[in-house]
4 protein chains.
Amino acid sequence: MSTFAAEDRLASTDTDRDGLRERYRAVRRYTEKLAAPLSPEDQTVQSMPDVSPTKWHRAHVTWFFETFVLAGAEPDFKAHEETYWFLFNSYYEGVGPRYSRPMRGVISRPGAHDVGVYRDVVDDRMVSLIDRLDDGSLTKLADTIELGFHHEQQHQELLLMDIKHVLSLNPLRPVYAGEPALTEPMAAPGDAGWVDFEGGLVEIGHDGDGFHFDNELPAHQQFLLPYRLADRLVTNGEWMQFMADGGYQRHEFWLSDGWAKIQEEGWSAPYYWTEEDGLWLEHTLHGTRPVDPALPVCHVSHYEADAYASWAGKRLPSEAEWEHAARQQEGTQVSGNVADNQTWHPQPAGAPTGKLRQLFGDCWEWTGTSYLPYPGFHPAEGAVGEYNGKFMSSQMVLRGGCALTPPGHARVSYRNFFPPGARWPMTGVRLADGGAPAA
Amino acid sequence: MSTFAAEDRLASTDTDRDGLRERYRAVRRYTEKLAAPLSPEDQTVQSMPDVSPTKWHRAHVTWFFETFVLAGAEPDFKAHEETYWFLFNSYYEGVGPRYSRPMRGVISRPGAHDVGVYRDVVDDRMVSLIDRLDDGSLTKLADTIELGFHHEQQHQELLLMDIKHVLSLNPLRPVYAGEPALTEPMAAPGDAGWVDFEGGLVEIGHDGDGFHFDNELPAHQQFLLPYRLADRLVTNGEWMQFMADGGYQRHEFWLSDGWAKIQEEGWSAPYYWTEEDGLWLEHTLHGTRPVDPALPVCHVSHYEADAYASWAGKRLPSEAEWEHAARQQEGTQVSGNVADNQTWHPQPAGAPTGKLRQLFGDCWEWTGTSYLPYPGFHPAEGAVGEYNGKFMSSQMVLRGGCALTPPGHARVSYRNFFPPGARWPMTGVRLADGGAPAA
Amino acid sequence: MSTFAAEDRLASTDTDRDGLRERYRAVRRYTEKLAAPLSPEDQTVQSMPDVSPTKWHRAHVTWFFETFVLAGAEPDFKAHEETYWFLFNSYYEGVGPRYSRPMRGVISRPGAHDVGVYRDVVDDRMVSLIDRLDDGSLTKLADTIELGFHHEQQHQELLLMDIKHVLSLNPLRPVYAGEPALTEPMAAPGDAGWVDFEGGLVEIGHDGDGFHFDNELPAHQQFLLPYRLADRLVTNGEWMQFMADGGYQRHEFWLSDGWAKIQEEGWSAPYYWTEEDGLWLEHTLHGTRPVDPALPVCHVSHYEADAYASWAGKRLPSEAEWEHAARQQEGTQVSGNVADNQTWHPQPAGAPTGKLRQLFGDCWEWTGTSYLPYPGFHPAEGAVGEYNGKFMSSQMVLRGGCALTPPGHARVSYRNFFPPGARWPMTGVRLADGGAPAA
Amino acid sequence: MSTFAAEDRLASTDTDRDGLRERYRAVRRYTEKLAAPLSPEDQTVQSMPDVSPTKWHRAHVTWFFETFVLAGAEPDFKAHEETYWFLFNSYYEGVGPRYSRPMRGVISRPGAHDVGVYRDVVDDRMVSLIDRLDDGSLTKLADTIELGFHHEQQHQELLLMDIKHVLSLNPLRPVYAGEPALTEPMAAPGDAGWVDFEGGLVEIGHDGDGFHFDNELPAHQQFLLPYRLADRLVTNGEWMQFMADGGYQRHEFWLSDGWAKIQEEGWSAPYYWTEEDGLWLEHTLHGTRPVDPALPVCHVSHYEADAYASWAGKRLPSEAEWEHAARQQEGTQVSGNVADNQTWHPQPAGAPTGKLRQLFGDCWEWTGTSYLPYPGFHPAEGAVGEYNGKFMSSQMVLRGGCALTPPGHARVSYRNFFPPGARWPMTGVRLADGGAPAA
């Protein structure tokens, strides 16, 4: 279990002036810490349209503060560089013309160093702003600044996901950080157990005071039949049994779109696995190493997760089941193997506890629920309102966080989402069962 | 409102020997009736990968009976033509290698006449089988034969949707049937009204004895907040207001995927609309004619329906809301403007009634619900089990039926589904409101 | 060797009124004769963008006479159908907007029968025009009418090439004409011999009075070193040796574009060959049958022809060498296995004669020469000027004709051309050697 | 006119030990000099599949010496890094599996600095080898080393072409070198004159002792009719007249492939031109500046060059005409505006001289000749034999060199080649006329 490093942690409750300033510094520092092992060349590459270059992430989160905070609050606001406004806008159509996403990797300038300068300038202006605003103005801005923190945290995770993809395509098998991991296999967890939940008319969604994204609202009721969840994530060893049983060759386990996808792209194993002389290897941020059967499987798509569940005679949890179960067990406590552990990879489940293990951290868990607005959802006003709502189409909800999630970012009501074919996020599988009406 | 023609109607309750035989004959005859106005050339064309040639539809529904009924029940079964087995298999991976879908339009032989022969042969064998089986065997087969009826009805609607698409690409503006419709505009319905529903813990899904697809099961409870539905479909006239207000140019109304799609494909109006000298024309099965503001808008995608709802400050109904409302109002009665009316097009709503108008027929109504399995859903065993479940990914549910739906096919629990970008089905929009938890 | 059927032959010298009328009727009748075995469905299909439907060919050649002859010569000209003007324009940008080429296969109407009516109407008007024009006017129109004959002949060959492609995609393995050919292998020709030519400053290009396309002009001099040509076409048997020696797997034989192409598309044999249980089968217009080693290889691309020549330590002829050799040997005589033989397929070379065999007919012979304008080439004035010149880019010259070429169409100066990757024309290989300056 | 900087010049005649060593050092130093203004980020980007990253070019030319010289000549050869062998192989299929070309831009490591180390190591080993080989062995290797020089020079030009493309996509409009050029327009040259040549049986191809690529051999005779060439390149001002006269909108000037291309890609001006507030701007290596009518037009494709010539009622020269004319006028002397001028851009033609101006340097000149083997051409043995021959398909010959060509690289017999649609090379247009046989 993680004990978050004090310096990295974004304590979520300090919204007074000092708290804001310190938390601003902490979140900004953490981004630079993650980027530090990466050369200017590493930071430049966009290895596929979904991936953004490291230096783009570093600049984009800075642009967020410049655009949504400084531009409105500084009396004589002047952009650090006019052109940065559309180079580092991501998708906020309301702000202005954006630079075509798949072309981010052709923009060599500003370079990694210039982006550092941009960050420093905006940091000075942000800290100065926080220090000099009167209380009322600061209070009005605090929500947007807070959103900037969580936005930057999301890009911290993306930065790691993306550089993992970049390095994966290099035949030199480069390492992001640290020594190549030891290859002694870890102790395998025993068989998964099941934890039962009663269901009924339950409440999900954000309901407290802390920070949340708009998509976690409104809290509302759903009716659940009794169900049970596996007490740990599916392991690599179990996934190998699925493969050995023709998992990727037998159409009867697959959604039609998934079956088409695996034919088209020739999938026969999780994303970062490659076979060499009969041995399965896995690309990780610590380098390439043998697949360890004890570890949770990761970098599988929703299609694969769903097929695995069909093969196992089970199903994926709904997001309401997941959240209800997590609240039952943990309340709103969150702990797990996340980024400050610096494992950069899911870890074994440990000994059974009679409770759900690995709920937070390790791997984002695919649910069987489409990412749709909660009943009564309203996007926020203005450009910030584009944050979440417009992505509510053809994506699936994931819950819980992963080993790349920044400390303090995950929540019991947090809704992550990706298209069902995405494999570069650190995604895994928890099985569910039950949930049918009595016959 | 339609009074179904007795000869076309598939009475849904007769499952005894005589009933099966007569209903078999009726459903088969109706397919041929729909294909009759089409030349061999018309029946050959596949105008895009989603469309199938008319003669393919005629053969494929025949193959269904041959494969799933005759092959198991005839003692010395021999396929009419071995090669037809994979030419006319659609997507049943369990049956054998299928012929690549986008290539259906290059198969000139068997021609329209040969397909007629194939139909006659299978019909003779089917009728003979129904006549000679002992009661027990017939009872065991009755469900599959019944499924064959409803399968053929689905393809009857597809046949019309598909040929509408084929003819739309012909600059000669050909007509499927009848005289080109008169162009006098119809009387516009007044403003839409709203019908309120209380919600609560409601039951949806098929629960009676009649025929149903596997995806309508199991009946189960959902919790709904109070909501209201518009009492008629959105009209062409209202849609023109949306267009005039920049509906297709203002990103703030659109889902991100939808916005990308309309940029990519240059959408600026419903699918079959074209502008000529400042006048909007609409391609219909009766030919091209001016868009009539009184008629329901049709052939809009889910993206457009959702954008329209955003523009109107409303939303789309959930499928549970739709079904609950329909059951409240109609029970399980179904009537409306469907295929036996031979309008081949949605009709005006008529005068307000204080109730929901146009619930069945006219246009399939997009819901805001993703097409997912109901809690406890299990696909049927065997190849027939591929019928529905495997399509439960990245599609949206539609409810109610359209002017091309065969008489007797729609149901209150019927779940139709298409990807959110589909425009060639006859799809329209009913607005919803409410449904948020009390603040 | 062919003796052309009198009724099919287009005697190329009769340009007086009676001659024009009879030749008009002959060329028009021959098109219908070729289309006669094809059903309306066959005539509708476009199996790839390069292929046109049979009924489109039948209509397009009719449109040519209507547009380039009737429209200018009939006093009160009125198009048979206005819409046909752009439906059946092929590529004449000067005439008006054309209908997108890859969409020809979605136009089900006008059907095969309607196209027949169109042909009859234009034929009546053409014959009537020929009969009633004064001598001077007729003389002025004679060249365009003559061009229409040769244009229609080109489409006669295309019609056969195209329907061969259409039928090839049908797993029923349909037959265009006649009984499936006998499968007894023919007697193999002995080893190829060589015929030597001296070269020097030679003249090529059209220089007589007969019909010719603009691309055959002007006749001009080229300097050739001594060279020799194989006295027959490469056979299937020889091609199998190339394949057995890794011909499709060894990059060293291939042009870079060709190597990329065969990787991309997985080529490992000539276009219409398929392997079944260790036996090579070939799709022909007489149906599918075992590859006969005695027959000339056909349906190979320029890339394959070039790779074969490299493997054999030889090269392809230049077009100047081919024409010079043909003139040396045959003068302007043309005879060979062309369409009136109704073999629809290349035939064995027969016994050696000390001369070049198979010069005309059997297979078009790839040359090593790019299709470029002859020195001093000028396209004709007006829309007819688009006939040839604008295609002079990225195509290779072929010489000699094939078994699908209409009788009376080929010439010693005839320049056929296709892109180097084209495989659906009936193309084969004759080797060349020599031609280098003395060391 | 250029006077080549002594330090940059690759004196082409010194093949003794000292000459080889000094020339090796000079060519290697020049590459680094060209790369010096580029940051590690600049050196990493691949902006389209045809472009390679700067650091890839720097490594690939190094790999050439390592593979084709060191590997065969060092007694205990060991690759600097095994993985570099396929990372930096370009297209030599004979050497081993190459890394997919369009993925060069995702390889962040080795970085720019590591490539510098690689270069230093190979340089030390090369110089040491040159110093210690006995005379006989050195003589045997000299040709390959010499090929390495010219190979590296080709990549020096590519490096500049490629980085020009990379920078062009950056909305910041970055500058490769120097201050942004002054924007005062230069003095326009007067009307182009014509220089006449008699033609006859002429000899082209390399025939002396100096270095040449295999594609320049064998020297051979071609027969030319009398012709004339414009005495300077077409200017931007003349190109603007072409544009104003509908040059990009009138199909009658265009090859069919070219017309399709400009429709598809929306071309309406040379590649690096953009219109802003009615002013045409041009991206150059000195930054973006107004198009100067006095300068030669550059970055036009063969399609555009051919269309321009059609519009002007002229044609492009054949490569034999170009070479014959250049030999007549200059013998084998070469001078012009090439890379050591550091203009990085074509310059105005200067005053008329009665002779051909701008023959070498400024812009590569499109010819009307396809890139095909000369009669009797044989590729070299071994992997080096892949150098040129396999590209002889669907490309057009260019002659003369450009402002990015390294000093000492161009020759009167030099054959450059690109596909007809290529626009990122620095290509321009010289018109030709005459060359038709007497009527």
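What follows is a chat between a trainee and a mentor about a predicted model.

Trainee: Let's start with chains C and D. How many residues does each chain give to the contact?

Mentor: This is a predicted model, so keep that in mind as we go. The side of chain C that touches chain D divides into 14 nonpolar, 13 polar and four charged residues. As for the count, chain C gives 31 residues, and chain D gives 31.

Trainee: Which element of chain C gives the most to the side that touches chain D?

Mentor: Three elements give two or more residues to that side: strand 3 (220-224), helix 7 (256-265) and strand 10 (364-370) of chain C. The one that gives the most, with four residues, is strand 3 of chain C.

Trainee: What kind of axis relates chain C and chain D?

Mentor: Try laying chain C on chain D: a turn of 180° does it, with a shift of 0.0 Å along the axis and an RMSD of 0.0 Å. The two copies are thus related as by a two-fold rotation axis.

Trainee: And which residue of chain C comes closest to that rotation axis?

Mentor: Look for the C-alpha that lies 2.4 Å from the axis. The same surface serves both copies there, as 100% of the contact residues of chain C recur in chain D. The residue you want is C:S394.

Trainee: Now chains A and D. Which residue of chain A comes closest to the rotation axis?

Mentor: Chain A is superposed on chain D by a rotation of 180°, with 0.0 Å of shift along the axis and an RMSD of 0.0 Å. Measure from that axis to the C-alpha atoms of chain A, and the distance to look for is 2.6 Å. That one belongs to A:E41.

Trainee: Why do we say that chains A and D meet through the same surface?

Mentor: In this contact, 24 residues of chain A meet 24 residues of chain D. By class, the chain A side has 13 nonpolar, eight polar and three charged residues. The copies meet through the same surface because the share of interface residues of chain A that are also interface residues in chain D is 100%.

Trainee: How far apart are the closest C-alpha atoms of chain A and chain C?

Mentor: No contact joins chain A and chain C. Chain B and chain D do not touch either, and their nearest C-alpha atoms are 14 Å apart. For chain A and chain C, the closest C-alpha atoms lie apart by 14 Å.

Trainee: Inside chain D, is helix 2 roughly parallel or antiparallel to helix 5?

Mentor: Helix 2 (residues 54-73) and helix 5 (residues 135-168) of chain D have axes 9 Å apart. They pack at an angle of about 170°, and angles over 145 degrees count as roughly antiparallel. That makes the answer for helix 2 and helix 5 of chain D roughly antiparallel.

Trainee: How many charged residues are in that contact of helix 2 with helix 5 of chain D?

Mentor: Helix 2 of chain D brings residues including D:F64, D:F65 and D:F68, while helix 5 of chain D brings, among them, D:L158, D:L159 and D:E152. The contact divides into eleven nonpolar and seven polar residues, and the number of charged ones is one.

Trainee: Over in chain B, on what arc around the axis do the buried residues of helix 6 lie?

Mentor: The buried ones in helix 6 (residues 236-244) of chain B are B:N236, B:E238 and B:W239. They sit on the same side of helix 6 of chain B, because the arc they cover is only 155°.

Trainee: Is A:P226 buried, exposed or partly exposed?

Mentor: A:P226 is in the loop between strand 3 (220-224) and strand 4 (227-230) of chain A. Leaving out residues up to four places away in sequence, A:P226 touches A:F197, A:E198, A:G199 and A:G434. With 13 other C-beta atoms within 10 Å, A:P226 is partly exposed.

Trainee: Last one: is C:H345 buried or exposed?

Mentor: C:H345 is in the loop between strand 8 (336-337) and strand 9 (360-361) of chain C. Beyond its neighbours within four places in sequence, C:H345 is in contact with C:T284, C:L285 and C:A403. There are 24 other C-beta atoms within 10 Å of C:H345, and 20 or more count as buried. So C:H345 is buried.

Notes: Residues numbered from 1 in each chain as written. Chains lettered and ligands numbered in written order. Predicted model: local features only at pLDDT ≥ 70, side-chain atom pairs only at ≥ 80, totals over all residues. Contact = placed C-beta atoms within 7 Å. Nonpolar A, V, L, I, M, F, W, Y, C, P; charged D, E, K, R; others polar. Least-squares fit on C-alpha atoms with pLDDT ≥ 70 in both. Axes fitted to C-alpha atoms, helices over the stretch in contact; angles between N-to-C directions. Parallel < 35°, antiparallel > 145°, perpendicular 65-115°, else oblique. Buried ≥ 20, exposed ≤ 12 C-beta atoms within 10 Å, placed from the backbone. Arc of directions from axis to C-beta.
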